Amino acid sequence: MFSNKYKIGKMVLIFLLILFLCHYGYHKGPETVGPELQDYLDNAELFDGAELVSSYSKVGEVNEGRFELMYRYGDERRKIIVIGNAEGLEEGDIVSVKSIFRKDGFLELEEIHIHKHLYLQWYASLLPIPFVILFFFKEFKFKLQRLEFERRR
Amino acid sequence: MPDLLTHFLVAFLFVKLIKIERYKSLIYLGTILPDILTRCPVFAIDVILNIREFNWFFMPLHTPFGILLTCLFVTYFFDEKSRKFVFTNLMAGAFLHLFLDVLQIHWGTAYYLFYPFSWVKFEIGLFWPHQSIYFIPVLSLVAAVIISILVVENGEFGVRNRNV
């Protein structure tokens with residue numbers, strides 16, 4: 001399986017399989033998710049009382065008993081009112097929300113989770129990359145004439 | 001996803017506990033590979049080209065079958081006699097990554113573990129992705145203790161060479 005026999009052929013085949021997987025995901029994936037907020041708003045009567053789950057949405061203005069939730073509509077950023085209290089919620093927070101859609105164009109809050117310090121996750125994700133590269137090149141060297149990595153002795 | 005530092009530290013502890021010496025850098029590479037293959041291009045395409053929905057194109061590279069094919073592809077960039085170990089260690093790292101990922105909670109999204117055979121989503125739901133940063137101090141401390149023990153006992157990280 002790992003021999004050099006038909007190496008290029010095997011690499012091309014695997015690459016095509018990966019490409020097919022990605023292509024299938026790109027075309028089929030969006031069909032597997034439920035309707036989005038804009039679909040609820042466009043068919044308000046139909047979705048009245050239905051549950052809506054929003055993941056990683058940005059919070060707009062926060063007032064007593066209500067707050068704004070930002071959502072994307074194409075390239076546009078729009079806002080929708082969410083009725084309900086969320087302890088510790090601040091403008092600019094990133095939240096996941098479970099809510100009930102109402103035909104008058106607002107949401108009733110069921111559950112909310114505030115993703116505090118989300119930006120720290122991104123910084124923490126950058127840190128190990130140089131270490132992985134360092135460990136890799138400490139163990140392997142690249143043979144230019146064979147276009148292969150080889151373990152250092 | 002938990003942050004990559006958490007993934008890396010868990011892989012580091014895995015390597016030390018199982019006592020893997022050869023090809024261990026590939027476990028570290030494997031453990032960051034699913035996120036590097038998916039998040040980086042999606043972020044670049046979204047921010048630089050302002051094209052959305054490309055996450056669906058790269059999503060398969062964050063599934064067991066997709067990562068298996070990717071590791072197999074990467075394996076052929078190594079010399080023939082190393083390939084079996086390269087593939088095994090890359091897969092071990094990548095599956096360690098996917099295992100940690102399915103422990104998380106998401107609302108609305110989750111992981112397609114059986115893609116492309118099924119679109120069923122799965123996750124265990126123990127912690128939110130951003131909460132993984134709270135594990136970093138504990139994991140770092142355990143890693144530091146292990147490194148200290150190894151340095152004292154085995155002379156790892158070059159100490160023995162200096163003493164000989």
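Start with chain B of this predicted model. Take its contacts between residues at least 6 apart in sequence: 58% of them join residues at least 24 apart.

Now colour chain B by secondary structure. Seven helices appear, and zero strands. Follow the chain along its sequence and the pattern reads α-α-α-α-α-α-α. Switch to the C-alpha trace, which spans about 60 × 40 × 30 Å along its principal axes. Chain B has 164 residues, and 37% of them are buried.

Next, the interior. Select Phe8(B), Ala11(B), Tyr28(B), Leu29(B), Cys71(B) and Leu90(B). These have the most contacts inside the largest nonpolar core, a set of 33 residues. Which helices supply this core with at least two residues each? In chain B, show α1 (4-18), α2 (24-48), α4 (64-75) and α5 (83-102). Then add α5 (128-139) of chain A, which also supplies at least two. Keep α1(B) highlighted: eight residues come from this helix, the largest share of the core.

Centre on Leu90(B). Set aside its neighbours within four places in sequence. What is Leu90(B) in contact with beyond them? Pick Leu26(B), Leu29(B) and Gly30(B), then Cys71(B), Val74(B) and Thr75(B). Two of these partners, Leu29(B) and Cys71(B), are already in your selection of residues with the most contacts inside the core.

Last stop: chain A. Select Tyr40(A), Val59(A), Phe67(A) and Ile80(A). They belong to a second core, separate from the one just toured. This second core has 14 residues, those four among them.

Terms used: Residues are numbered from 1 along each chain as its sequence is written. Chains are lettered from A and ligands numbered from 1 in the order in which they are written. This is a predicted model: local features need pLDDT of at least 70, side-chain atom pairs count only at pLDDT 80 or more; totals for chains, interfaces and linings use all residues. A nonpolar core is a set of buried Ala, Val, Leu, Ile, Met, Phe, Trp, Tyr and Cys residues joined through C-beta atoms within 7 Å. A residue is buried if 20 or more other C-beta atoms lie within 10 Å of its own, exposed if 12 or fewer, and partly exposed in between; C-beta atoms are placed from the backbone. Helices (H or I, at least four residues) and strands (E, at least two) are DSSP runs, numbered from the N terminus. Two residues are in contact if their C-beta atoms, placed from the backbone, lie within 7 Å.
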